[in-house]
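Me: I am new to this structure and would like a close look at a single part of it. Please choose one helix and explain how it sits among its surroundings.

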Amino acid sequence: MEMQLRQAQKMEAIGHLAGGIAHDFNNLLTPILGYAEMVAARLQPGDPLVAKVAGISAAAHKAKDLTQQLLSFGRRQAVATKVFDLNEVIESFYIVLRRTIRESISIKLALDPAGAFVAADRSQMEQVILNLTVNAQDALSGKGIIAIETCKVFMDGENVRLHPGMTDGDYILLAFHDTGCGMNSDVLAHIFEPFFTTKAAGHGTGLGLATVYGIVKQHHGHISVTSREHEGTTFRIYLPAAAEVPLVEAQAPVLAPAKAH
Ligand code: ADP
């Protein structure tokens with residue numbers, strides 16, 4: 001429990017720090033971009049400095065993209081909560097995933113036929129699905145399988161090992177399995193920390209899982225991971241289950257039968 005609390009506080013502190021640095025850095029990039037544009041406008045075509053100034057602009061734009069990501073990580077957007085079926089989000093987002101993930105990788109869905117109703121922010125759930133699926137792809141060299149699963153589980157502490165801070169009740173389990181390279185315990189200990197990455201420079205920001213962690217916590221959920229080197233990884237997210245909302249149809253007013261006189 002204490003470990004979890006310390007982890008949450010650490011993440012929050014790093015988030016604030018990242019947000020602050022990103023904000024100041026973003027401000028510093030504005031004059032760099034502005035002056036580069038001014039210089040570019042004064043150069044004659046064919047001037048050897050044209051390519052160099054374009055290089056300054058391109059690098060500053062890249063830095064702006066990065067600070068933007070940091071800003072959205074540091075100051076998480078407000079949650080726009082609605083009750084919906086997570087299965088339906090996964091199914092409609094599948095088109096985006098299929099276009100993003102290499103063809104040689106098969107994406108399998110195993111969705112609970114009874115539905116997976118949660119009270120959540122739809123676009124943040126899409127972000128979670130995207131981040132975890134892209135990470136799974138990165139862990140797979142060439143072919144492989146990514147499986148996304150949902151199922152309703154009742155956690156009562158007696159039958160299932162509860163996460164610290166998790167209360168008894170119904171949860172929607174959203175799991176991501178991959179048959180990728182897996183992780184050793186040294187890597188596993190740090191994966192949710194912002195800026196932790198094992199990827200080559202330019203390929204990873206180390207913000208993907210920190211963002212997922214933040215979103216899950218904001219939704220009063222829990223996340224765990226099991227991994228075996230050279231075999232694969234499973235991320236499990238538990239979100240409090242919501243009662244299914246019946247589709248409210250616009251109902252015609254019930255007319256009282258005309259009284260017979
Ligand atoms: P990034 O993807 O930019 O490195 P993340 O926060 O998303 O940042 O991930 C942090 C690290 O966790 C990755 O660099 C990688 O080492 C490890 N990781 C994440 N997901 C997986 C996975 N499915 N299989 C193996 N390693 C993973």
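Reply: What follows looks closely at helix H6 and its surroundings.

This is a predicted model, in which local features need a pLDDT of at least 70 and side-chain atom pairs count only at pLDDT 80 or more, while totals for chains, interfaces and linings use all residues. Residues are numbered from 1 along each chain as its sequence is written. The pLDDT, which is the predictor's confidence in each residue from 0 to 100, has a mean of 85 over the chain, and 84% of the residues reach 70 or more. Over residues 249–261 the pLDDT stays under 50. Where pLDDT is low, the predicted coordinates should not be read in detail.

The chain holds six helices and seven strands; helices (H or I, at least four residues) and strands (E, at least two) are DSSP runs, numbered from the N terminus. From the N terminus on, these elements run α-α-β-α-β-β-α-β-β-α-α-β-β.

Helix H6 covers residues 208–218, and nine of its eleven residues are buried, so H6 is largely enclosed by the rest of the structure. A residue counts as buried if 20 or more other C-beta atoms, placed from the backbone, lie within 10 Å of its own, as exposed if 12 or fewer do, and as partly exposed in between. The buried residues of H6 are Gly208, Leu209, Ala210, Thr211, Val212, Tyr213, Gly214, Ile215 and Val216. Across the chain of 261 residues, buried residues make up 25%. Just after H6, histidine 220 takes a positive phi of about 60 degrees.

One part of these surroundings is the largest nonpolar core, a set of buried Ala, Val, Leu, Ile, Met, Phe, Trp, Tyr and Cys residues joined through C-beta atoms within 7 Å. This core has 35 residues, of which Val118, Ile172, Val212 and Leu239 touch the most other members. H6 gives the most to this core, with six residues, and the elements that give two or more also include helix H4, strand E5 (169–178) and strand E7 (232–240).

Two residues are in contact if their C-beta atoms, placed from the backbone, lie within 7 Å. Leaving aside neighbours within four places in sequence, isoleucine 237 is in contact with Leu174, Val216, Gly221 and Ile223. Isoleucine 237 is found in strand E7 and counts as buried because 26 C-beta neighbours lie inside 10 Å. Histidine 230, by contrast, lies in the loop between strand E6 (222–228) and E7, and it counts as exposed, with 8 C-beta neighbours inside 10 Å.

The other part is the ligand, which 23 residues surround, the closest being Ala139, Thr197, Gly204, Gly208 and Leu209; a residue is near a molecule or strand if its C-beta atom, placed from the backbone, lies within 6 Å of it. Gly208 and Leu209 are also among the buried residues of H6. H6 and helix H4 (122–139) each supply at least two residues of the shell around the ligand, although the largest share, four residues, comes from H4. The shell divides into ten nonpolar, eleven polar and two charged residues, where Ala, Val, Leu, Ile, Met, Phe, Trp, Tyr, Cys and Pro count as nonpolar, Asp, Glu, Lys and Arg as charged, and the others, Gly among them, as polar. For the complex, the predictor gives an ipTM of 0.99 and a pTM of 0.76.
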